[in-house]
Amino acid sequence: MVQEELIYEGKAKKLFKTSKDKELRVEYLDQATALNGLKKDAVSGKGALNNQITSLIFQELEKQGIPSHFIKILSKHEQLVCEVEMIPLEIVVRNTAAGSFSKRLGIAEGEQLPFPIIEFYYKEDRLDDPFINEDHIRYLGIATPEEVAQIKMLARQINTALCQLFEKIKIHLVDFKIEVGKSDGKILLADEISPDTCRLWDLTTKEHLDKDVYRREIGDLIPVYQEVLNRLEKEYSSCI
């Protein structure tokens, strides 16, 4: 068996080169982190849940014409993706006030925003991923103004699709974070979409169905993530 080369290891996943050019194998890790890695725990089964949730969501987004690096799911904790040039940004889309947004602006958590708000964060662990604006992005040479416009348009398309997707399974999409990359000059959705990167509330009970149960120590993470996967599979069918 050919030993695959590990090219990246982050808080939640590992990336390996494969025998095929420009294709990578992603392995999701059984690890939970919060507060930029200050809070960290091994959580058995988390990687498999996030991989399956992400794979299913990316497949549904593809049906809506949203381009991503996703190729296919390989196993419960692995997927195959296209290699892309990652843009060092975290793009956050907010539909409802919560988390740092509420704290920063003094807005009550749960207040519905009149329109989706897009925020940018510079993906740099040394700086704790600071909040930046479009002028900062241009100054740092992260992306051109034209690319920023494309990223914002893609983020809005993803938000519309995700809101509809989650509403069908009785979940409110409060906010979410995405990352993007470039392939042959085209900007694609990359990384993952899961309860790690989305703030999800049950439509009826407002119960947290996301990583806030871990961040705020208000519940067990695995049953919550399993509930999200169960609802997705019931509505959209399993991806493996």
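**Exercise 1.** How far apart are the mean positions of the positive and negative charges of the chain?

*Solution.* The structure is a predicted model. Step one is to count the charges: the chain carries 33 positive and 41 negative ones. Step two is to compare their mean positions, which lie 1 Å apart.

**Exercise 2.** Determine whether the chain is as compact as a globular protein of its length.

*Solution.* Begin with the secondary structure, which comprises 6 helices and 14 strands. The radius of gyration is 17 Å, and the globule rule gives 18 Å for 240 residues. These values are close, so the chain is as compact as a globular protein of that length. As a further description, 51% of the 240 residues are buried.

**Exercise 3.** Classify Asp-212 and Arg-216 as buried, partly exposed or exposed, and state how they are paired.

*Solution.* A residue is buried under 20% relative accessible area and exposed over 50%. Asp-212 has 1% relative accessibility and therefore counts as buried. Arg-216, at 34%, is partly exposed. The two residues form a salt bridge, with their closest N and O atoms 3.5 Å apart. Both also belong to a network of salt bridges whose members include Arg-94, Glu-109 and Asp-175.

**Exercise 4.** Explain what the salt bridge between Lys-152 and Glu-134 ties together.

*Solution.* First, the closest N and O atoms of this pair are 2.8 Å apart. Next, Lys-152 lies in helix H4 (residues 145-167), while Glu-134 lies in helix H3 (residues 134-140), so the salt bridge ties together parts that are 18 residues apart in sequence. Finally, Glu-134 is partly exposed, its relative accessible area being 38%.

Key
Residues are numbered from 1 along each chain as its sequence is written. This is a predicted model: local features need pLDDT of at least 70, side-chain atom pairs count only at pLDDT 80 or more; totals for chains, interfaces and linings use all residues. Side-chain values use heavy atoms; hydrogens and water are left out. Helices (H or I, at least four residues) and strands (E, at least two) are DSSP runs, numbered from the N terminus. The radius of gyration is taken over C-alpha atoms; the globule rule is 2.2 Å times the number of residues to the power 0.38. Buried means under 20% relative accessible area, exposed over 50%, partly exposed in between (1.4 Å probe, protein chains only). Lys and Arg count as positive and Asp and Glu as negative; His and the chain ends are not counted. The place of a charge is taken as NZ of Lys, CZ of Arg, CG of Asp or CD of Glu. A salt bridge is a side-chain nitrogen of Lys or Arg within 4 Å of a carboxyl oxygen of Asp or Glu.
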